[in-house]
Amino acid sequence: MRVGIVGAGIGGLALAQGLAKAGVDVRLYERDPSAQHRKQGYRIHISPVGEQALAATLPDAVRRRVIETATHPGDLLAGFDGQLNPMFEQVFPGGGPETVSAVDRYAFRRALMTGLDDVLAFGKQFESYAADADGVEIRFADGSSESVDVLIGADGVGSGVRAQLLPDFEAVDIGVRCIYGKVPLTPAVRAAVPEAFMRGFCFVTDGRGASAAFAPVLFRTPPEEYGDYLMAVLTATSDVLGCADDELFALSPAELWKIVSRLSSSWHPAVRELIATAEVDAAFPITLRTCIRVAEWPVSRVALLGDAVHPMTPAAGAGANTALWDAARLTKALTDGTPLLEALASYQQDMVPHGQAAVTESLENAKRMFEVEV
Ligand SMILES: Cc1cc2nc3c(=O)[nH]c(=O)nc-3n(C[C@H](O)[C@H](O)[C@H](O)COP(=O)(O)OP(=O)(O)OC[C@H]3O[C@@H](n4cnc5c(N)ncnc54)[C@H](O)[C@@H]3O)c2cc1C
């Protein structure tokens, strides 16, 4: 059996690892020209669900690489007002030297690519597929095509595979935009940063529609390209940001960061100081989307995983973990000897309620945190 996966994001890479480990002939097609291609985001929380999925899918050497390149576990989730007065605090066990509870997205994807040189093809933008009872032809924007027995769409929230499989599926814009950035942890920043910000995930909310989250990435082993940093992400509606999408998505990183500085200008001096020392070029904007119901489809040789089938807001830190869970469940389905269509049906039967629970929790959290109606 040959499996073709479109999208070398978190879910697609984990699935490719799981299938390759089981000896399945697998091909992974990614539209980016290289692993280093774009700003892809910064810190990702890995929950026990994600950790178990990694343990179930990854070969030992790859899992070791993930552990080595993860960040030191934090032990705090806390909220503050704009003047850093505490609003809530939750302390939890920090985990041991093998715990993976947070990763840097780029370092994580690089670790998940370990050993996939013959499996992963960059510069392969999916365009369409043609499926029948015998197999699937995948067509790419460069005019090439590949024949596989099963096609898995792991191509994220804007999935082209989903657009063809489920043309009526809607990823809903919740009306919230993020300006994502990072603050390099130089000795001067480390000396000045509020202690809580170095212990885990901290929210600052000013009560006027803008909020920010800060969380440390303290590498066990940093990537070659950069070192420890504090993730800094500002969240607000377009009205609060003061610019519509056509303007926001055309702004330079420096102009984006000016918005962050403006909206936090009355916050506690320690926060303003952090924002002033950010790596300005690292800033980029994101639209937050969700689905309302995870879609189901007539079982065929085409299936979906991760954000392609259940886009969700980041407000529960669950999207990547759910994509990893999907990858582990689908690896099991495709490798335990169950006939193909039965295996894909059983995957879908389990994935839909599991994904729906994460979507609903993420949406409820987002409504509360960002005060939006969806
Ligand atoms: C601000 C923010 C913070 C987040 N924090 C967390 C967190 O802490 N924990 C958590 O669990 N989740 C978090 N998430 C959610 C998480 O990032 C996603 O749920 C996760 O990346 C989904 O993985 P995926 O593999 O389904 O898709 P993706 O990681 O989006 O990967 C999709 C891949 O498909 C490729 N692709 C797209 N189109 C094509 C095409 N036509 N042809 C070929 N390739 C294509 C893309 O280039 C990409 O590499 C966060 C999200 C945001 C926006």
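Strands β4 (residues 76-81) and β5 run antiparallel and are joined by five bridges. One of the residues involved is A78, whose bridge partner in β5 is E89. Keep in mind that this is a predicted model.

That pair belongs to something bigger: an open sheet of seven strands with mixed pairing, in the order β5-β4-β13-β14-β15-β12-β16. Who ends up at the edges? β5 (86-91) and β16 (284-290) do, and each has a single partner strand, so one side of each is left without a neighbour in the sheet. From one strand to the next, the twist averages 20°.

Now for what packs on the sheet. Helix α12 (residues 340-370) lies across β12 (172-184), β13 (200-205), β14 (211-217), β15 (229-237) and β16. Relative to β12, helix α12 runs at about 75°.

Strand β15 also takes part in an aromatic pair. The structure has 13 aromatic pairs, and one of them is formed by Y42 and Y229, with an edge-to-face arrangement, 5.9 Å centre to centre and 75° between the planes. Y42 sits in the loop between β2 (25-29) and β3 (43-45), while Y229 is in β15, so the pair ties together parts that are 187 residues apart in sequence.

Over to the helices. Two packed helices are described by the angle between their axes and the distance between the axes. For α1 (residues 10-21) and α2, the axes come within 8 Å and cross at roughly 30°. On the α1 side the contact is made by A14, Q17, G18 and K21, and on the α2 side by A55, A56 and T57. Sorted by class, this contact has three nonpolar, three polar and one charged residues.

Helix α2 turns up again around a cavity. A search of the whole structure finds one cavity of 30 Å³ or more, and about 40 Å³ of space lies in the largest cavity. Which residues line it? The lining of the largest cavity is made up of E51, L54, L58, R63, V66, I67 and V100. Two elements, α2 (48-57) and α3 (60-69), each give two or more residues to that lining, and α3 gives the most, with three residues.

Here is how the α1–α2 contact and the cavity lining break down by class:

| Site | Nonpolar | Polar | Charged |
|---|---|---|---|
| Contact of α1 with α2 | three residues | three residues | one residue |
| Lining of the largest cavity | five residues | no residues | two residues |

Technical notes: Residues are numbered from 1 along each chain as its sequence is written. This is a predicted model: local features need pLDDT of at least 70, side-chain atom pairs count only at pLDDT 80 or more; totals for chains, interfaces and linings use all residues. Side-chain values use heavy atoms; hydrogens and water are left out. Two strands pair if DSSP finds at least two bridges between them. Helices (H or I, at least four residues) and strands (E, at least two) are DSSP runs, numbered from the N terminus. Axes are lines fitted to C-alpha atoms, for helices over the stretch in contact, and angles run from 0 to 180 degrees between N-to-C directions. Contact means heavy atoms within 4.5 Å. On a 1 Å grid over the protein atoms alone, a cavity is a set of points where a 1.4 Å probe fits but cannot get out, and a pocket is an open set with protein on both sides within 12 Å along at least five of seven lines; lining residues have an atom within 4 Å of a point. Grid points are joined across faces, edges and corners, and a volume is the space filled by probe spheres set on the points. Ala, Val, Leu, Ile, Met, Phe, Trp, Tyr, Cys and Pro count as nonpolar, Asp, Glu, Lys and Arg as charged, and the others, Gly among them, as polar. Rings of Phe, Tyr and Trp (its six-membered ring) pair if their centres lie within 6.5 Å; planes under 30 degrees apart count as stacked, over 60 as edge-to-face and the rest as tilted.
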